[in-house]
Amino acid sequence: FKQKTAYEIASCLVGSEMCIRDSDDAAHFAELSLELSREALERPVAVLGPEVAAGLCDLGRTFLQKGEYDKARAALDESLAIYDRAFDADAVLRMSPVLRGAALCHADAARAAPLRGAVPCHASKGWTLLALSELAKDRAEFPRAVDYADRAAEIWEGLDETLVAHALMAKGPILQHMGRIKESKAAYERAYDIRRRSVGVHHPDAARVLRKIGTTRRYDGDLAGADESYAAAVAIFEKAHGDDHVDTIKCLSDRAELLLARGSLDAAEALVRRARDAAVRLFGSDLDHLLVREPQALQGMLASARGDNEAALRLLGPAADVEARLNMPGRHKSTLLMVQARERKDSGANAAEVAALAREALAIRRRIFRPPDETAVAADLVAAEGERPPSAPKSGVVIPVSYTHLTLPTILLV
C-alpha cells in the first residue's frame, strides 16, 4: 500500500489529456492539474509534504531493521511532524476540494473517503505511527507503543478495513508483553477475520495472523493448539515463499521454540537449522539483523538444554552483546545470565555469586513487564541461594519463548 500524492495525481492528469478525445473532459482535467500545481506553489507542505514524510517513514523503518534506533526515531518523528503540518486545521480550511481528495486517495483505488473527525488526515500517516509503535515496543515502551498502534487504527477505521488489520497485528504482541492476553487475543481474532474475508485462509497475510494466534495460544497454555497454528502457518509460507523468506524464518523459529519448550529437542533443532541457514542466505551472518540473531540464540538454548553450557554461552554471548549495544530490553541477556548462574552453581561457586546472576535475570524480566510464570525460575534460584525476592502475583499464563526465549520447561533445563 502506498498513497498517491497530489503531485503524482497532477502528473497523471496531465498525461491523461492526450487520451481524452472530448474537449470538455480534456479542459476539465487540465483545470484539475493546474489547480493542484497552484496548490503546490502556494502550499508546498500540504501537496509535497506527504511524499517527503513517506520517504522518511521508509528510511526510519530501514534504520529500525538495522537496530539504529536513534536514527529511526529521528526520521519517524520528522515524518510525523510533516504529516501534522500538512494536515493541520488551518491547512485543511485552505485546501481545495481536489487536494482534499488527493489526501485520501489510494494507489490501488482512486477513491476518497471521510475519516473520523472534522480534519482529514493523509492515510499514509498510519504507517509512520506503526513504525513508531514497533520502535517503542523494541525499546520496551509498551504503553506508548499501544497508543501509536491505536492512532494508526483510528486513521484507517472506515477508510480501509485491511489497513486496520495491520494496526491490530502490531498491537497484539505489545499487549502480550504487557500481560493483557485477552485483549491481545481479541485483536488477533479480529485481524484474522478481516484477512479471512479479504484474501482467504490460505494466503500468507492470513498465515501471519495464524502465527500470532499460535503465540497467544501458548500464553493460554494451549501448547497443542499453538503447534497446530504454527504448523498451518509454516505450511502456507513454505508453499508461497519457500524457506528463504522473512515470514518462513520467523515461523520456523516460533515453532522450534515451542518444540524446545515441550522437550522435542531433535525436532526443534531441525527447524532452527533451517531458520538459521535461510537467514544467513538472505542477510549474511551479521547478528545485528534480528532474523540472524534469533536462531543463534535458539541454538544456544538447545545447547543448554542438552547440558552443553560452554556451547550455550558461546552462542548466547554475542546475541546478548548485540542487544546491549542496540539498547534492547535484554531477552538474550536474561537467558545468558541464567545459564551462567546454573554453571556457577554446578561448579561450586558461592551462593551470593549465583544469586547475583539470577537476581539480575529476574530484574530484566520484571522490567520488561513479563508475567510471573516467566520470572518464577529466576526467583526460585535466588531463593534457593538464600536471598528470597519479593513474591510475584500468581498467574496461570504460560509465556512463550517467541518473546522471551524462556518458557518454564526450557528454563528448567538451564
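**Close-ups: three salt bridges and a helix pair**

**View 1. Asp 147 and Arg 151 pair up in a salt bridge.** Here the closest N and O atoms sit 3.9 Å apart, in what is a predicted model. Both residues belong to helix H8 (residues 142-156), and because they are four residues apart, about one helical turn separates them. Neither end of the pair is hidden away: Asp 147 is partly exposed, with a relative accessible area of 39%, and Arg 151, at 30%, also counts as partly exposed. As a bit of background, side chains of opposite charge can pair when their charged atoms come close.

**View 2. Arg 197 and Asp 193 make a salt bridge within helix H10.** The N to O distance for this one is 3.1 Å. Helix H10 covers residues 181-199, and the two partners are four residues apart in it, about one turn of the helix. Arg 197 has 45% relative accessibility, so it counts as partly exposed; Asp 193 is partly exposed too, at 28%. There's a bit extra to look for in this view: through salt bridges that share partners, Arg 197 and Asp 193 join Glu 161 and Arg 196 in one network.

**View 3. Lys 125 reaches Asp 84 in another helix.** The closest N and O atoms of this salt bridge are 2.6 Å apart. It links distant parts of the chain, with Lys 125 in helix H7 (residues 125-138) and Asp 84 in helix H4 (residues 69-86), 41 residues apart. Is Lys 125 buried or exposed? Lys 125 is buried, because its relative accessible area is 11% and the cut-off for buried is under 20%. Asp 84, at 35% relative accessibility, is partly exposed. For the wider count, the structure holds 29 salt bridges.

**View 4. Helices H13 and H14 pack against each other.** H13 takes in residues 246-261 and H14 residues 265-283. Their axes lie 8 Å apart, at an angle of about 155°, which means H13 runs roughly antiparallel to H14, since angles over 145 degrees fall in that class. The crossing of the two is left-handed. On the H13 side, the residues in contact include Val 246, Ile 249, Leu 252 and Leu 259; among those meeting them from H14 are Leu 265, Leu 271, Val 272 and Phe 283. What classes of residue make up the contact of H13 with H14? The tally is 16 nonpolar, one polar and two charged residues. Arg 255 in H13 and Arg 274 in H14 also take part in the contact, as does Ser 253 in H13.

Definitions and conventions
Residues are numbered from 1 along each chain as its sequence is written. This is a predicted model: local features need pLDDT of at least 70, side-chain atom pairs count only at pLDDT 80 or more; totals for chains, interfaces and linings use all residues. Side-chain values use heavy atoms; hydrogens and water are left out. A salt bridge is a side-chain nitrogen of Lys or Arg within 4 Å of a carboxyl oxygen of Asp or Glu. Buried means under 20% relative accessible area, exposed over 50%, partly exposed in between (1.4 Å probe, protein chains only). Axes are lines fitted to C-alpha atoms, for helices over the stretch in contact, and angles run from 0 to 180 degrees between N-to-C directions. Angles under 35 degrees count as roughly parallel, over 145 as roughly antiparallel, 65 to 115 as roughly perpendicular and the rest as oblique. A crossing is left-handed if the near helix is turned anticlockwise from the far one by less than a right angle, and right-handed if clockwise. Contact means heavy atoms within 4.5 Å. Ala, Val, Leu, Ile, Met, Phe, Trp, Tyr, Cys and Pro count as nonpolar, Asp, Glu, Lys and Arg as charged, and the others, Gly among them, as polar.
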